[in-house]
Amino acid sequence: MRAARSGTKDGLEKTKIAVMRRVSFLHKKEHSDDTEDDTGYLDVMVSEAKHPPAQLGPMPEGLSSQQIVRRHILSSIVQSERSYLDSLKRILQEYQRPLMEAEPRILSVRKIRPIFFRLREIMQCHSMFQIALASRVAEWDSCEKIGDLFVASFSKSMVLDVYSDYVNNFTNAMALIKKACMSKPAFLEFLKVRKQASSADRITLYGLMVKPIQRFPQFILLLQDMLKNTPTGHVDRLPLQLALTELETLAEKLNEQKRVADQVTETQQLARCVSDRSLSKLLNSEQSSLILCETLIETVYGERGQVLKSKERKVFLFGDMLICANINVKGPPDISSLVPVGPKYTLKWSAPLQQVHVVEVGQEGAQTKDTLYQLGGIKRPGRSIILGPPRLYQELQELHHDLSVVEQVTLLVGTLQGTYQNLNTTVAQDWCLALQRLIRIKEDQIQSANKCRLRLQVPGRPDKSGRPVSFTVVFNTPSPVSKISWVNRFHLAKIALRDENTPGWFSAEDDGKTKAPFWCPLLACRIFEFRGCSLLEAALHNPVQCALLGFSAVSTSFPQGYLWVAGGGDSTQGQVDIFSLNRSTPRPVKSLQMGARVRCLEYVPEPTPSENAETGPHNSTGVGNTICVGLDDGCILVYGSMDTAAQCLVTLRNPEGCPVLCLKHSGNFLFAGLRDGTLMVYERHPGVQAGLKVTVGSDPIRTLLALEGLVWASCANTVTVLDGFSLCTQRFEVHQDPLVSVAHMVRAVGGVWMAFSEGSSIRLFHTETLEHLQEINISTPSSFYNPSQKSVRVTSLLICQGLLWVGTAQGIIITLPVPKLEGIPKITGKGMMSLNAHCGPVDFLVALSSTLSPDLLKRDSVVEGHDSACGVDDRSDSSSQESLQQASISGQVDGKGKGRGVLLQYRLRSTSGLPGRPLTVRAEEASDSSLESLEHSMEDGSIYELSDDPDMWVRGRSCEREGVRRDRVSSVAVISGGKGFRRLREGSVATTAESTLMIWQLPLKV
């Protein structure tokens, strides 16, 4: 039985018992021709009379607000599961059964079965879950526990098997439906009739069949809400966290399989349209790795910025090539309304990735520096033409023309013989200054529009003389985030082609197979020889935003800021090297000499307003972010991190001068672990340098960890949990050997991973119950390339973006997958080992992370039509639109030396409905004067820019786009430090014995 092979032992025993007892709701399937597909599954027929659907009883009195919310969430789970089962039943009863029983046949059985593959088994799994859910709901008020039910129902391998089969077959099923619709008119008519005859939702077959793919993300959202409303210490809290872990693991595996299946389908669809046999063979080979594909708009501009041609293209980024294809017309509307009809492609061009370059605005200045273009009859040399959106470019040309005209009008106004209050040189000069301001705004809008413009320099065919020729292709991306993703993937794909990344990782659990370079962390660069520093101790990232970096530089560079690396030559001296990360390779900018060996570093961010409010305004230091350096002589040096000057602000000392082994901040307190087992607590307060002493034990405190107001301090084989405010302590044992001490601790959501001074095991503990949850031996993957190695010791730990990084004394780095959500960070997959290693112990692993500035991701409101680079039709320019109320600003024109003349003015009331914006040099301000005032203001002589857009007639407030999605893009890298560098390949030797940093770059996280 398949359940016997893949199911858990506990689940197998329960199934055997159920079969032996002949439980009424379990019946063996009758013999059918489809024995291969359904072997090992039990057909569950749920009788609503014996097993009624889950029904939550009336709400008892006296419930807390959290209990009420939990009941509502449970009700949502029940309703969601009932709706999901109804959808599965509709597929089988309204589509599969009529097709199987139809006479004459609409489709052959051989085609029907692949379309509905594994749907019956999925319904069986959820039917069993519904029975258990009904039982749990009936006793909810007495137990209030649901997490363990999800763990028991969805942690079995059998569930993953049936869903994996369904997900992998989904694209094939949709292709079969599409083909049958085009070749079998009776089948197309059958789908139309079923859609018309279905319930009021009029959901199509595709809409029903996509529900299994969406099921587990829906479960995760519901359980996340349930966990948020479950207080600490509740009996259901740990089960909910474990359930989230299981569901996230299951969803991640299914998403990965769906991603791979979609990529294979896209690649095969592209390969069919390629006439070049060598290229088609390469696409169909296992070496082909699709990184990114997206529909972009290729736009060809004329010399004056006008659109010559604009068409959708499908762009494919592979591991070693870039392909652009035409998108052919899709299928008939009646078919596309029932099932997605994939497009067919026609190859336009392909190019090796190494020869494709991203070209940003401004980088082509050398080619266009002598460009001349006519503006208002005046030649303006020395300015390059920016290929912005055509409408914006046309408006810029019009503004230059209007400025030229107004300059001439100003000269003519100066020749007037009479004196007029609102027609004089001052008003005319205001017009000129306002037009110049609008020109600057329009140029900024064109630059902003380039956030959605991807310009590529692609190699073409050589000319007749054999010289290489390249051409520029301009693609408009759907959003700035899309362009950032393309530029970042281009950059990383080229890094992946380097020798150290081909291959860069392998998995011993997959029979030693190497991994595709791009789907693992990529070794971006190495730094050797630290100015005589032979020993590395610690490192940290000091995030600092750099406003000078351009759009593409931010997309490809490391997380912005500075890297502080501590080391030394011997025990009597130390140093800290500071590197700038704002370039493609870290650049050393400063070296700080220390009077003693550096043991640890800690980055302390500036306190938040809430933290300042808790401690009182007198406690605010106003220093900002700081870097704390722990020394072997017992001193803690506090440096300012505002710039590379890095001045020492404060020196903290402990009375005994005991070496500081570790530092950690929590709130407004800095905790220092000393060698004698004492924990020093320093409060952030100006002028106060004395600290409180808390005795943890007699052994050294080797590592500290901060968790929501708590601090974990390791001492020997125990960990002491210290309340950051009351300093109350709780101790628990984490290792049975008293001679073994905790060397490293890292936290991810609901768990803490620990490594020890001896042995190759790492252990996971729950942050709330302190329960031991998992133990992993990391010696297996690391011994693949060194079978003679008997013992492996962990020297560093790090959790970053769903990976647990483990550094060993042998210089080998291992990564293990862990969940990213609010669950428990259990190891849920196969480990990988880096083929790039140090020659000595991995001294530290540090994560670099920074968030891209929101201004880079902001869609600026530019007035564009359908040819907008951003693909959005914005009707208003909120950045440059002047409020009409500005017209009432008192600004009496100084008629110095002139008498009161004839008043030539019009009332604002008569012009407020006109389209266009007020023209004035003054900035927008609040107005206190009345619109009906006849007193002259600078607005009275304004020129109005005409517009054919009806939406521009609405004046008085800026037009804001509703429902703006706030994207958040994070740049992440990981740095390891140790002696030397070597490749774990046969015949490879160490390249250097100096202290070395290796920097792995990860794809941008959106």
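**Entry 1: R118 and L727**

I looked up R118 first and found it buried, with a relative accessible area of 5%; buried means under 20% relative accessible area, exposed over 50%, and partly exposed in between, with a 1.4 Å probe and protein chains only. The model is predicted: local features need pLDDT of at least 70, side-chain atom pairs count only at pLDDT 80 or more, and totals for chains, interfaces and linings use all residues. Residues are numbered from 1 along each chain as its sequence is written, and side-chain values use heavy atoms, with hydrogens and water left out.

I noted that phi of R118 is near 70 degrees, a positive value in a residue other than glycine. Most residues other than glycine have a negative phi, and most peptide bonds are trans. R118 sits in the loop between helix 5 and helix 6 (119-138). Helices here are DSSP runs of H or I with at least four residues, strands are runs of E with at least two, and both are numbered from the N terminus.

I then turned to L727, which is not a glycine and has a positive phi of about 60 degrees. L727 is in the loop between strand 29 (718-723) and strand 30 (729-733). Its relative accessible area is 24%, so L727 is partly exposed.

**Entry 2: cis peptide bonds**

I recorded a cis peptide bond between E103 and P104, with omega about -5 degrees. P104 belongs to the loop between helix 4 (65-101) and helix 5 (109-115). Another cis peptide bond joins T502 and P503, with omega about -5 degrees. P503 lies in the loop between helix 19 and strand 12 (505-507).

**Entry 3: helix 19**

I checked helix 19, which covers residues 480-496 and has 17 residues. From first to last C-alpha it reaches 24 Å, close to the 24 Å expected at 1.5 Å a residue; the expected span is 1.5 Å times one less than the number of residues. Of the 17 residues in helix 19, 15 are buried.

**Entry 4: helices 8 and 13**

I examined how helix 8 (residues 147-154) packs on helix 13 (residues 237-272): the angle is about 35 degrees and the axes are 7 Å apart. Axes are lines fitted to C-alpha atoms, for helices over the stretch in contact, and angles run from 0 to 180 degrees between N-to-C directions. Residues of helix 8 that meet helix 13 are G147, D148, F150, V151 and F154. Their partners in helix 13 are P239, L240, L242, A243, E246, L247 and L250. The residues of this contact divide into nine nonpolar, one polar and two charged; Ala, Val, Leu, Ile, Met, Phe, Trp, Tyr, Cys and Pro count as nonpolar, Asp, Glu, Lys and Arg as charged, and the others, Gly among them, as polar.

**Entry 5: F318**

I located F318 in strand 4 (residues 307-318). F318 counts as buried, at 2% relative accessibility. Leaving aside neighbours within four places in sequence, F318 has contacts that include T267, L270, L283 and L353; contact means heavy atoms within 4.5 Å. I also noted that F318 and A493 are 175 residues apart in sequence and 8.1 Å apart in space, C-alpha to C-alpha.

**Entry 6: whole chain**

I closed with the totals: the chain has 24 helices and 42 strands. Buried residues make up 50% of its 1006 residues.
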